[in-house]
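Here is a quick tour of one protein chain, going from its core out to its surface. Have a look at the model first, then read on.

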Amino acid sequence: MTGKLYLIPTPISQENMAWALPAAVQQCIEELSYFIVEHPKTARQFLKQLNCKLPLQDLHMQTLNEHTPAKDVRALLDPLLTGHDVGLLSEAGCPAVADPGAELVRLAHKNNIVVTPLVGPSAILLALMASGLNGQRFAFHGYLPVESVARANRIVELEKLSISLQQTQIFIEAPYRNQKLLEQLVSVCRDSTDLCVASHLTFSSELVMTKPVKEWRRSLPDINKIPAIFLLHG
């Protein structure tokens, strides 16, 4: 018998754990003693807030992040193949969605391991829900190019794609580049294109605002170094 791989969302903010994770999900996490995490230190900080049955120092943790060589991912399944349930922890939000872990989940399926997603916050879906933009057809593109000209060209491409498909385009940026991305969006997009900025989701300082680009140009919020999701619809 193999163990189950539980996909564990973690709160985007730590302000209210009960708000972000249902009690049943917290109870499931408390039962686990094996985890695959992005960073052990922050994983332990999260687990410390729960009443895990084992002391934190007795938990088994393996690391999976953007620096993990592809050849090493297969070995992370070993506890599962020997019958242990394992929790895959995201750093914030949902595992394997704009987050390391998809390859591990794919390998779990190939090895007939049961994969169980748990309920929790996804910044992408929270932003889409609150944006008022098309939730029937949407696409998430991850990060846009860093170089300014390439990024501007990509924004124009996504705007045209949105218009032709009537599809909401969703993307993110490193927090320290958010302000520059916002400024470039309002610079290159059409006046009538709807743009939503969703920042600090689930924090008390949460901001979700959708306006035509023409209106954004009058005043931009300061989102420098603040986690944010961007959505546009032409």
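Helices and strands here are DSSP runs, at least four residues for a helix and at least two for a strand, numbered from the N terminus. Keep in mind that this is a predicted model.

With those labels in hand, start at Thr10, which sits in the loop connecting E1 to helix H1 (17–20). Is Thr10 buried or exposed? Its relative accessibility is 3%, and buried means under 20%, so Thr10 counts as buried. The Thr10 side chain has two backbone oxygens to talk to: that of Ser90 at 3.0 Å, and that of Glu91 at 3.4 Å. Leaving aside residues up to four places away in sequence, Thr10 touches Phe46, Leu89, Ser90, Glu91, Ala92, Gly93 and Pro121.

Two of those names, Phe46 and Leu89, come up again in the largest nonpolar core. That core has 19 residues, and the ones touching the most other members are Ile8, Ile29, Phe35, Phe46, Leu47 and Leu89. Which elements each supply at least two residues of this core? They are strand E1 (5–8), helix H2 (23–30), strand E2 (34–37) and helix H3 (40–48). Ile29 makes a handy viewpoint: setting aside residues up to four places away in sequence, its contacts are Ile8, Leu21, Phe35, Phe46, Leu47, Leu50 and Leu118.

Further along the chain, helix H9 (residues 178–188) has its own buried set: Asn178, Gln179, Leu181, Leu182, Gln184, Leu185 and Val186. What do the buried residues of H9 pack against? The list is helix H8 (148–165), strand E7 (168–172), strand E8 (194–199), helix H10 (213–216) and strand E10 (228–233).

Now for the charged pairs. Side chains of opposite charge can pair when their charged atoms come close. The count for this model is six salt bridges, and the table shows some of them.

| Salt bridge | N to O distance |
|---|---|
| Arg74 and Asp78 | 3.9 Å |
| Glu103 and Arg106 | 2.9 Å |
| Glu157 and Arg154 | 3.1 Å |

Glu103 and Arg106 are both in helix H6 (residues 102–110), three residues apart, or about one turn of the helix. Glu157 and Arg154 are likewise three residues apart, about one turn, in helix H8. Helix H8 is also one of the elements that the buried residues of H9 pack against.

How exposed are the partners? Arg74 has 36% relative accessibility and so counts as partly exposed. Asp78 is partly exposed too, at 40%. In the H6 pair, Glu103 is partly exposed with a relative accessible area of 36%, and Arg106 is partly exposed at 40%. In the H8 pair, Glu157 comes in at 45%, so it is partly exposed, while Arg154 is partly exposed at 26%.

Finally, the surface has a nonpolar spot to look at. Leu125, Met129 and Phe138 form a nonpolar patch there, with about 320 Å² of accessible area together. Where does Leu125 lie? Leu125 belongs to helix H7 (residues 123–131). Why does Leu125 count as partly exposed? Its relative accessibility is 44%, and partly exposed covers what falls between the under 20% of buried and the over 50% of exposed. Patch members need over 30% relative accessible area, so Leu125 at 44% clears that cut-off.

Terms used:
Residues numbered from 1 in each chain as written. Predicted model: local features only at pLDDT ≥ 70, side-chain atom pairs only at ≥ 80, totals over all residues. Heavy atoms only, no water. Patch = residues over 30% accessible without salt bridge, like charges linked within 9 Å, V, L, I, M, F, W, Y side chains within 5 Å. Areas by Shrake-Rupley, 256 points an atom, 1.4 Å probe, with all protein chains shown as cover. Salt bridge = Lys/Arg side-chain N within 4 Å of Asp/Glu carboxyl O. Buried < 20%, exposed > 50% of the residue type's maximum accessible area, 1.4 Å probe, protein only. Core = buried A, V, L, I, M, F, W, Y, C linked by side-chain atoms within 4.5 Å. Contact = heavy atoms within 4.5 Å. Polar contact = N/O pair within 3.5 Å; in protein donor to acceptor, adjacent residues only side chain to side chain.
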